[in-house]
Every structure is written in structure tokens, then in C-alpha cells.
Amino acid sequence: WEHVTPYVPESKLQRVPFHVKGFGTQLPFTSCSWNLIGLSFAQVLHDHDDTKRRRRPGGVGVSKWILRLGVLAFETVAPSALLVSAVTRYAIWPATLASDDGDTSGLSDFRTLLWHNANVILILAEVAFLGGQPVVPSHFATTPLFGCAYVAFSWLYRDAWSNNNQQQHGSQFLYHFFDTSTGPTVTIALFALLTILLLFYGILASAKGILDYYNNYNNYKGGRRLASHALFVLLVAGSVCRFRD
């Protein structure tokens, strides 16, 4: 696809279209989060099958380290996926609308909406309704490390997006808040992203405890318990997802 980054007015970079193709389509933070969440969900299904194999006489399961890596992938990437949707709703979409052409077709097509919204809904459904993948508070550092690694990668890869026209068009970033030519603005933006990322980690880490306490306090069972979990999913998803201008 063709990508145009909506740089802020004080940016020193050129706002030019560049093509994202081949392996490059797997490099946006959205793609990284989507792929890792998919691997985590695949691990959950494999874990269920592995449990059945272990219960059979003489059954041997896979290494516990593989299962642990699946859980670690979920608690690392789940907050990042919520961050992707929130940044798209509150930063990228408004910046694109405010640009010269105001063209948001690249954000509102089906594939992009699926990337930015379906992952959040699936993650919240996993936490509230399905297996209840754990997000352990003491593992909170994994998510910022993942985010910092991606920021470093973006800065190192900045000259590769220009499709061999780097001398003509200069450096490019997929996301305007990684633009190092804006001076202190990029530092403030990164600290804001880190704060929001940790906030989402806290929400997911405390979700099960809060829901259980609320349901037990009100003696909710059956349908009422299900409704309270659905309300949690709707509130969180509704606060970060966006589907149209």
C-alpha cells in the first residue's frame, strides 16, 4: 500500500508518499502486535490440546518453556495492541484529517479497521470471557521493552522507507510521533506513549480481579455476571476503537 505520514507543521521532513510492500508490510507496529497476538492465541489452542495429550497414558506434552513464551507474548503485546488502537483514534486519525488532503481512506478500509480494532476486541474477549490469559503485574517491564525496541528499530530503519530515493526525499517514519526532527516534541510524545502503555497494562492486569470483586460484591451470577463482563469489553473497546471519520 501507499503510505503518507502526516507530519506536524514543525517537522523538517518531507511529506511524500512511499510504498509499503513485501516484508515491509510486517514492519508496522500494528503488524508486529497482530502477529504476536495471533501466535499467543495459537499457543492457547495448542495448550488445550497439549493438556489432553498429557492426560493420556504415556502422553508427553511440549516443553513448558513454549507454553510460558505464549503467555509472555500475550502479556507483552496485549497492552501494545490497545495502544495501537488508542493512538490511531486520538493521534493518527485526527492528524490525517487535519492534513492538506484529509484523506483517511487508508485508515477506514476493511483491512486496516480489522488490524486496529479486531485485535483489541479479541484481547478483551480473551480476558473477560474465554481463557482469561494472565497479565502478571510483576512482568510489567516486558511491554515497555518491546515498545522501546520498536522505537529503536524505527530510528534505524528511517532511511529505508524512501524506496531508494533517500537522497531525494530524505528520512521517513511510519508514525509522525517518531519524527526526531521535531526536537523536544518527540521526547514528550514518547513519554506519553510509555505512560499510556503502562496504563493499559495496569487495566489488563487488574481486570480479572476487579470483575471478580464486582460480581462477588453484588452477588452476580449467570446472565448478570456475563453482562458485567460484556460491559467491561464495551467500555474499554469503545474508548480506543474508531471506525469512521
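Trainee: Where is N117 in this predicted model?

Mentor: N117 sits in helix α4, residues 110-128.

Trainee: What makes N117 count as buried?

Mentor: Its relative accessibility is 2%. Buried means under 20%. N117 is below that cut-off, so N117 counts as buried.

Trainee: Why is the approach of N117 to R242 called a polar contact?

Mentor: The N117 side chain reaches the backbone oxygen of R242 at 3.1 Å. The limit for a pair of N or O atoms is within 3.5 Å. The distance falls inside that limit, so the pair qualifies as a polar contact.

Trainee: Where does R242 lie, and is R242 buried or exposed?

Mentor: R242 belongs to the segment after α8 (223-240). Its relative accessible area is 18%. The cut-off for buried is under 20%, so R242 is buried.

Trainee: How far apart are R242 and H116 in sequence and in space?

Mentor: They are 126 residues apart in sequence. From C-alpha to C-alpha, R242 and H116 are 8.2 Å apart.

Trainee: How do you know that α8 has the span expected of a helix?

Mentor: α8 has 18 residues. From its first C-alpha to its last, α8 reaches 26 Å. The expected value at 1.5 Å a residue is 26 Å, and the span of α8 is close to it.

Trainee: Which residues of α8 are buried, and why are they said to share a side?

Mentor: S228, H229, F232, V233, V236, A237 and V240 are buried. They cover an arc of only 160° around the axis, so they lie on the same side of α8. The face turned away from that buried side carries exposed G223, R224, L234 and L235.

Trainee: What about helix α5 and its span?

Mentor: α5 runs over residues 142-156 and has 15 residues. Its reach, first C-alpha to last, is 21 Å. That is close to the 21 Å expected at 1.5 Å a residue.

Trainee: Which residues of α5 are buried, and what puts them on one side?

Mentor: The buried set is T143, P144, F146, G147, Y150, V151 and S154. Their arc around the axis is only 160°, which puts them on the same side of α5. L145 and L156 are exposed on the other side.

Trainee: Now the loop between β2 and α1. Why is L27 there called buried?

Mentor: L27 has 8% relative accessibility. Buried means under 20%, so L27 meets the cut-off. L27 and F153 are 126 residues apart in sequence, yet 9.5 Å apart in space, C-alpha to C-alpha.

Trainee: Is T25, in that loop, buried or exposed?

Mentor: T25 has 17% relative accessibility. That is under 20%, so T25 counts as buried.

Trainee: What makes the pairing of T25 with G22 a polar contact?

Mentor: A polar atom of the T25 side chain lies 2.7 Å from the backbone oxygen of G22. The limit is within 3.5 Å, so the pair passes.

Trainee: How do you know that F191 is exposed?

Mentor: F191 is in helix α7, residues 184-217. Its relative accessible area is 55%. Exposed means over 50%, so F191 is exposed.

Trainee: Which residues form a nonpolar surface patch with F191?

Mentor: F140, L194 and L198 join F191 in it. Together the four have about 370 Å² of accessible area.

Trainee: And how many helices and strands does the chain have?

Mentor: Eight helices and two strands. Of the 245 residues, 42% count as buried.

Technical notes. Residues are numbered from 1 along each chain as its sequence is written. This is a predicted model: local features need pLDDT of at least 70, side-chain atom pairs count only at pLDDT 80 or more; totals for chains, interfaces and linings use all residues. Side-chain values use heavy atoms; hydrogens and water are left out. Patches are made of residues with over 30% relative accessible area and no salt bridge: like charges are joined within 9 Å, nonpolar side chains (Val, Leu, Ile, Met, Phe, Trp, Tyr) within 5 Å. Accessible areas come from the Shrake-Rupley method with a 1.4 Å probe; for residues, only the protein chains shown count as cover. A salt bridge is a side-chain nitrogen of Lys or Arg within 4 Å of a carboxyl oxygen of Asp or Glu. Helices (H or I, at least four residues) and strands (E, at least two) are DSSP runs, numbered from the N terminus. Buried means under 20% relative accessible area, exposed over 50%, partly exposed in between (1.4 Å probe, protein chains only). The expected span of a helix is 1.5 Å times one less than its number of residues. The arc is that of the directions from the helix axis to the C-beta atoms. A polar contact is a pair of N or O atoms within 3.5 Å; within protein, one must be able to donate a hydrogen and the other to accept it, and residues adjacent in sequence count only if both atoms are side-chain atoms.
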